[in-house]
Amino acid sequence: MATFNSRGLRGSGLEDLINATNERYREGGLSLIQKIPTPITPVEMDMATKRITLAYFEQKSTVDYIGAVQGLPVAFDAKECAKDTFPLANIHEHQMLFMEDFEKMQGIAFFLIYFSKRDIFYYLRFEEALDFWNRMKKGGRKSFTIEELDKDFFFSMENDIFVPYLKPLQKDLDLRDGKSEK
């Protein structure tokens, strides 16, 4: 496979990078992750181009991706942030409720956040997201800063994997199993 660097991918969206990563992981027999489409109802169409020009969401979506990593159920959502402060308004309550239920069913839920200004990714464990969420619900900050995040869960692109989230996923599993010194 050809090697890439992040400078050459500036025009690609986060979703495209994750989709390419998921395909690479599938080809390697590591995971099977599917992008969950958001159901919409078209209202207007441009018949000349056959494109939807106006639509509304049929229902609230849950997360962007769901599947299995070597038999382990995973669900995650991808978010992009241009600043060093992430607004919790970018996370919806129905997503938190879905992730909470998913975790109760022995699945692993998380957010992948791309801090575009720094060109770095963060694996936000559901437990950590819930702490920030509960702080906000109790009248605290409605955001979190990059400085508040666990340094062990930042990661960058690699030559053959665009968004190598399996490494921080393993760290998450180690924390859950009590194997880590955290």
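Select Gln106 to begin: this residue is exposed, with a relative accessible area of 61%, where exposed means over 50% relative accessible area, buried under 20% and partly exposed in between, for a 1.4 Å probe and protein chains only. Gln106 lies in the loop between helix 2 and strand 7, and has a positive phi of about 75° although it is not a glycine. Most residues other than glycine have a negative phi.

The model is predicted, so local features need pLDDT of at least 70 and side-chain atom pairs count only at pLDDT 80 or more, whereas totals for chains, interfaces and linings use all residues. Residues are numbered from 1 along each chain as its sequence is written, and side-chain values use heavy atoms, with hydrogens and water left out. Helices (H or I, at least four residues) and strands (E, at least two) are DSSP runs numbered from the N terminus.

Go next to Lys50, in the loop between strand 2 (40–46) and strand 3 (51–57). Its phi is near 60°, a positive value in a residue other than glycine, and Lys50 is exposed, with a relative accessible area of 61%.

Now select helix 3, residues 126–137. The expected span of a helix is 1.5 Å times one less than its number of residues; for the 12 residues of helix 3 this gives 16 Å, and the end C-alpha atoms are 16 Å apart, which agrees. Colour Phe126, Glu128, Ala129, Phe132, Trp133 and Met136, which are buried in helix 3. They cover an arc of only 165° around the axis, which puts them on the same side of helix 3, the arc being that of the directions from the helix axis to the C-beta atoms. On the other side of this helix, Glu127 and Asp131 are exposed. The buried residues of helix 3 pack against helix 2 (93–104), strand 7 (108–115), strand 8 (120–125) and strand 9 (143–145), contact meaning heavy atoms within 4.5 Å. Just after helix 3, Gly139 takes a positive phi of about 95°.

Keep helix 3 on display and add helix 2. Their axes come within 11 Å and cross at roughly 135°; these axes are lines fitted to C-alpha atoms over the stretch in contact, with angles running from 0 to 180 degrees between N-to-C directions. Where do the two helices meet? Glu93, Met96, Met99, Glu100 and Glu103 in helix 2 meet Phe126, Ala129, Leu130, Trp133 and Lys137 in helix 3.

Move to Asp77 in strand 5 (residues 72–81), which at 2% relative accessibility counts as buried. Not counting residues up to four places away in sequence, Asp77 touches Thr62, Val63, Asp64, Gln95, Met99, Phe110, Phe111 and Leu112.

Then centre on Phe155 in strand 10 (residues 154–155), a buried residue with a relative accessible area of 9%. Its contacts, with residues up to four places away in sequence left out, include Leu112, Ile120, Tyr123, Val163 and Pro168. Phe155 and Lys167 are 12 residues apart in sequence and 8.6 Å apart in space, C-alpha to C-alpha.

Finish on helix 4 (residues 166–176), whose buried residues are Leu166, Pro168, Leu169 and Asp172. Seen down the axis of helix 4, these fall within an arc of 160°, so they line one face of the helix. What covers them includes helix 1 (14–27), strand 4 (65–69), strand 5, strand 7, strand 8 and strand 10. Just after helix 4, Gly178 takes a positive phi of about 75°.
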